[in-house]
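I opened this notebook to keep track of what I looked up and in which order. The entries below go from an interface between chains, to one between domains, to a single residue.

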Amino acid sequence: MEWETVIGLEVHVQLATKTKIFSAASTAFGAEANTQACAIDLGLPGTLPVVNEEAINMAIKLGFGINAEINKINVFERKNYFYPDLPKGYQTTQLAKPIVGAGHMDIALEDGTVHTVRIHHAHLEEDAGKSLHEDFHGMTGIDLNRAGTPLIEVVTEPDMRSAKQAVAFARKLHAIVTTLGICDGEMSQGSMRFDVNVSVRPKGQTTLGTRTETKNLNSFRFMERAINKEVQRQIEQIEDGFEIVQETRLYNGDTDEARSMRTKEEANDYRYFPCPDLLPVIIEESRLEKLRAEMPEMPEVRKARFINELGLSDYDAEILSAEAATANYFETVVQSGGDAKLAANWVMGELAKTLNQNDLTIKNCPVSAQVLGGLIARIKDNTLSGKIAKQVFEALWQGEGATADEVIEKKGLKQVTDTGAIEAIVDEVLAANPAQVEQYLAADEAKRGKMVGFFVGQIMKASKGKANPGMVNQLLKQKLG
Amino acid sequence: MVIDPTTIASIAHLARLSLSDDEVQLASGKISAIMGLIDEMQSVDTNGVEPLAHPLDAVQRLRSDEITEINQREELQANAPAVEKGLFLVPRVIE
Amino acid sequence: MSNKPLHQQSLTELSRSLQDGAISSTELTQHYLDRIKQLNGELNCFITVCEEQSLQQANAADRAIAAGNIKPLTGIPLAHKDLFCTEGVKTSCGSRMLDNWIAPYESTMTGNLKAAGTVMLGKLNMDEFAMGGSNENSYYGPVRNPWNREVIPGGSSGGSAAAMAAGLAAATTGSDTGGSIRQPASMCGITGLKPTYGRISRWGMVAFASSLDQAGPMTRTVEDAALMLNVMAGFDPKDSTSMDRAVPDYSATLNEPLKGLRIGLPKEYFAEGLDSRVEQTVRNAIAEYEKMGATVKEISLPHTHHSIAAYYVIAPAEASTNLSRFDGVRFGYRCEEPKNLEDLYQRSRGESFGSEVKNRIMIGTYALSAGYYDAYYTKAQKIRRLIRDDFLRAFEEVDVIMGPTAPTPAFPIGAKANDPVAMYLGDIFTISTNLAGLPGMSIPAGMVDGLPVGLQIIAPHFEEARLLNVGHQFQQTTDWHLRTPVDLRG
């Protein structure tokens with residue numbers, strides 16, 4: 001039988017606010033345990049929440065970014081359950097009246113077609129703390145630094161049909177939130193976490209199969225593997241005559257293993273109701289207008305511009321527009337370097353390679369976009385050959401100079417374009433290699449092309465790579481007739 | 001309305017309250033009587049009435065995104081039943 | 001200086017004596033500490049007495065006064081209901097759960113009073129987590145009514161009311177979720193004011209039912225309540241439900257004439273269940289107002305009867321989740337040797353909450369649970385709107401509404417212990433003002449069987465000044481508020 005996979009996603013996006021959603025404690029990652037958990041975050045008696053304006057603004061921007069309606073009246077509710085990383089015994093979230101209503105996102109598929117994924121809604125909520133299971137005499141340690149960090153949860157319709165589509169959606173959402181500047185996009189720090197709902201059904205069937213939910217996937221790679229694994233498992237189960245049990249599953253990316261979470265003794269009864277410590281959030285038209293005016297160019301618009309205005313290929317434009325940090329860096333390189341194609345090659349080539357080797361991202365790249373642009377400008381104006389440019393880049397990376405010009409000056413790497421100086425070297429090389437000159441002159445036109453490379457190599461060597469290769473070729477042609 | 005002891009026990013579990021058998025029986029009687037008092041409201045015609053969550057038609061005020069809470073871990077953990085290395089300790093949680 | 005004993009003097013009188021140098025705050029504080037030592041054993045008003053700290057604060061007040069830096073409440077010894085967080089002082093909420101909890105921060109309201117130069121004598125007994133109307137539900141034992149040790153003082157601010165009646169503080173604070181300031185004020189013969197919801201910050205007031213809770217002053221006179229409210233009220237950015245409105249000088253309008261005041265008497269407040277002697281007392285008080293030139297009109301608040309049902313869904317629902325944070329993990333009581341996490345939760349909560357608190361948590365949990373939410377919670381919220389709208393309509397025709405605070409005088413300790421329905425019906429006249437968020441006040445209006453009876457006055461939202469003006473004028477022509485139990489006159 002042929003099977004069809006149906007996937008829906010719930011994506012938790014940590015908002016890049018300075019403070020928590022309901023308290024004025026810092027959200028910075030990596031602080032010592034419980035040093036960023038204030039009395040409100042700890043749920044101490046008598047404390048009260050006040051909503052962070054920036055979290056509201058960021059949620060609205062997300063709504064714009066996914067073509068969604070903004071609900072002008074939205075309400076925070078309490079989702080009640082007991083867990084040690086949930087200090088108040090309830091999570092403050094939104095249910096009946098979320099801030100972002102229905103929307104949609106288009107994703108480009110490999111075959112070049114465009115697929116629309118509908119967004120059911122997106123709601124604001126607070127993150128929980130962390131349970132640390134290292135051994136504290138058989139106890140679990142609770143760190144509440146993360147408790148109260150604002151999250152926006154994006155809930156899709158079950159509109160994806162393969163792991164690849166789900167990953168394409170996830171990447172696109174990542175591009176949107178980073179472009180909007182509402183999330184730092186650091187997957188390894190849990191800034192974006194995916195819950196995937198997966199079911200399978202015989203191809204052609206319209207009703208949905210029983211789904212399972214695999215929680216808390218924090219990389220695109222794990223997500224793809226977890227989905228494929230789960231699809232495989234479900235198909236095998238059904239083909240072996242078993243029914244799929246609706247359950248929550250955990251996937252371990254390190255071991256590539258998935259398992260069912262311990263089934264709860266009771267059905268969850270979260271007893272949602274409007275939080276009486278908070279009032280309805282009213283979004284005024286003036287706020288929407290102000291935020292609309294602040295909206296940056298979205299990735300797909302940027303991609304189109306890269307193709308149409310900068311003349312990049314579809315492939316290059318896709319890669320360079322996917323992440324805001326990369327796209328912004330690239331645009332600055334273009335501006336200061338003056339050549340889009342060169343800039344694209346360098347950002348996707350030498351720069352990406354070097355960042356990768358050093359385990360760095362573009363955000364903490366030691367060579368700024370302006371500096372790289374300066375280097376490219378020197379390639380464009382023939383001051384540097386491509387080969388020497390790599391040496392200059394290496395020097396800039398090592399901090400051996402603040403600008404390309406400074407490195408070129410200091411190391412004397414300037415390409416020689418003075419005709420007289422090059423001519424002298426050409427003459428010298430020809431004089432030193434009379435046998436090769438004779439051979440060349442005797443050879444027919446077809447062989448000469450290869451043989452000229454020998455002279456070029458010798459001349460470049462003699463000039464320590466600084467002679468302009470174009471001029472060398474031209475002079476050789478003149479001299480050898 | 002009668003809230004029988006079985007229901008009481010399941011509500012008590014949902015609310016994480018340990019109750020002795022005697023307490024369950026006693027609570028069943030009292031809560032059934034109170035639910036009787038409450039059920040009286042079902043006679044009120046509330047068709048077309050919007051629920052009222054707060055007495056004043058006020059709206060949420062928003063706080064500017066500035067860090068004003070600084071680390072007070074020592075003071076805030078002074079009352080904690082079990083703490084080690086800055087972490088609150090609980091019996092091992094198994095997921 | 002007044003000839004009355006210090007503990008029978010009003011804040012205005014005490015403030016004058018402090019200013020004149022006739023007494024020092026230290027002397028006044030010592031006087032109250034002595035009385036607490038003498039009487040608290042039998043009355044059980046205080047959970048915590050801050051002897052050393054209060055004398056330090058008194059000393060600081062005396063120095064401020066000597067430096068000419070005196071505010072209306074400088075040096076005045078107060079005591080707070082034990083659900084207001086007071087930095088460095090145990091804040092128990094009358095519960096075993098918080099018997100070991102030292103608040104690491106100060107509530108906005110007590111902080112305002114501290115900044116005004118007051119002295120804190122200690123923390124007052126109450127029904128556990130403010131759940132109750134008799135002060136029998138305290139981990140620290142029942143409070144006794146100073147007028148008769150065998151009867152209840154009312155609740156949940158029973159310690160606050162009894163401490164005032166016994167002269168154990170110059171003024172106290174309470175909180176009112178369904179009548180918890182006004183009902184004990186009525187039963188102990190003092191003045192108790194519940195302001196408009198949102199008038200006094202809830203920051204640092206341990207929540208019972210967030211959409212109903214409101215702090216307020218409990219005092220000897222209405223004039224004193226105005227002085228207290230001047231300091232307690234105000235906008236607080238830390239409480240989302242605090243209202244950003246200017247605080248008028250409540251003392252400035254106490255003497256406005258009442259000629260032409262339109263008083264509404266809800267017929268539902270003079271119905272079955274009201275003790276006839278209480279009714280007579282209230283009617284006598286209203287007759288006093290007519291003598292002052294007020295007009296009286298019968299009105300109707302048709303949904304009054306349903307307020308109890310709506311309240312006993314909404315308040316327990318909010319309480320059930322407000323009290324989830326008491327889980328034995330980060331603060332408060334933790335059971336001995338928990339077997340596992342579930343055991344820790346269940347026993348820490350089960351062993352440290354009293355039965356009334358547990359019952360209300362269960363009612364609220366049940367009302368919010370799947371399948372019952374609309375039938376109970378949504379229904380109750382709709383009735384809440386009907387109740388509020390009844391009042392808004394009534395205030396189109398009248399300036400204030402008057403009636404009894406409670407249907408009966410205080411009853412014997414234990415009389416209703418096993419009959420929660422009878423206990424809850426006692427809240428019938430106070431609950432609807434909380435549901436509607438209105439300000440209400442109880443002032444002493446007479447005596448029945450040697451026990452005080454209060455008159456309740458209700459005003460439109462944020463009209464505390466009117467309420468205080470109306471109450472104060474009554475106290476200018478009557479002396480019920482000056483009466484004190486014979487054996488406690490000292």
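How many residue pairs are in polar contact across the interface of chain B and chain A? Working on what is a predicted model, I found 25 such pairs, with both residues at pLDDT 80 or more. I then asked which elements of chain B supply that side, and those giving two or more residues to it are α1 (5–14), β1 (62–63), α3 (73–76) and β3 (87–91). Of these, β3(B) gives the most, with five residues. Sorting the side of chain B that touches chain A by class, I noted 14 nonpolar, seven polar and 11 charged residues.

**Entry: extent of the chain B and chain A interface**

I looked up the contact totals next, and they put 32 residues of chain B in contact with 55 residues of chain A. The size of an interface is often given as the accessible area lost when the parts come together, so I recorded that value as well. For chain B and chain A the buried area is about 4,000 Å², and carbon and sulfur atoms give 59% of it.

**Entry: specific pairs between chain B and chain A**

Turning to charged side chains, I found that the rule returns one salt bridge across the interface of chain B and chain A. A:Glu32 and B:Arg73 meet through their side chains in a salt bridge, with 3.1 Å from N to O. I also checked strand pairing, and strand β2 (residues 51–52) of chain A pairs with β1(B) in the parallel sense over two bridges. Within β1(B), the residue that stands opposite A:Asn52 is B:Arg63.

**Entry: domains of chain A**

I moved on to chain A by itself, for which the domain assignment gives domain 1 (3–286), domain 2 (297–411) and domain 3 (419–480). I looked at the first two of these, domain 1 and domain 2 of chain A, whose C-alpha centres lie 35 Å apart. Where they meet, 11 residues of domain 1 of chain A are in contact with eight residues of domain 2 of chain A. Together these domains bury about 780 Å² between them, with 59% of it on carbon and sulfur atoms. On the domain 1 side, A:Lys172, A:Ala175 and A:Thr179 lose the most area to domain 2 of chain A, and together they account for 45% of what that side buries.

The rule finds two salt bridges across this interface of domain 1 and domain 2 of chain A. I noted the pair A:Lys172 and A:Glu300, whose side chains meet in a salt bridge at 3.0 Å, N to O. Polar contacts across the interface of these two domains come to three residue pairs, both residues at pLDDT 80 or more. Helix α2 (residues 163–180) of chain A gives the most to the domain 1 side, with seven residues. By class, I recorded three nonpolar, four polar and four charged residues on that side of domain 1 of chain A.

**Entry: a residue in chain C**

Where does C:Glu136 lie? I located it in the loop between β3 (119–124) and α5 (158–165) of chain C. Leaving aside neighbours within four places in sequence, C:Glu136 is in contact with C:Asp127, C:Pro142, C:Ile152, C:Ile413, C:Gly414 and C:Met423. C:Glu136 and C:Gly414 are 278 residues apart in sequence, yet 7.8 Å apart in space from C-alpha to C-alpha. Looking at the atoms involved, I found that the side chain of C:Glu136 reaches the backbone nitrogen of C:Gly414 at 2.5 Å.

Notes:
Residues are numbered from 1 along each chain as its sequence is written. Chains are lettered from A and ligands numbered from 1 in the order in which they are written. This is a predicted model: local features need pLDDT of at least 70, side-chain atom pairs count only at pLDDT 80 or more; totals for chains, interfaces and linings use all residues. Side-chain values use heavy atoms; hydrogens and water are left out. Contact means heavy atoms within 4.5 Å. Buried area is the accessible area (1.4 Å probe) that two parts lose on being put together, summed over both. A salt bridge is a side-chain nitrogen of Lys or Arg within 4 Å of a carboxyl oxygen of Asp or Glu. A polar contact is a pair of N or O atoms within 3.5 Å; within protein, one must be able to donate a hydrogen and the other to accept it, and residues adjacent in sequence count only if both atoms are side-chain atoms. Helices (H or I, at least four residues) and strands (E, at least two) are DSSP runs, numbered from the N terminus. Ala, Val, Leu, Ile, Met, Phe, Trp, Tyr, Cys and Pro count as nonpolar, Asp, Glu, Lys and Arg as charged, and the others, Gly among them, as polar. Two strands pair if DSSP finds at least two bridges between them. Domain bounds come from an automatic or database domain assignment.
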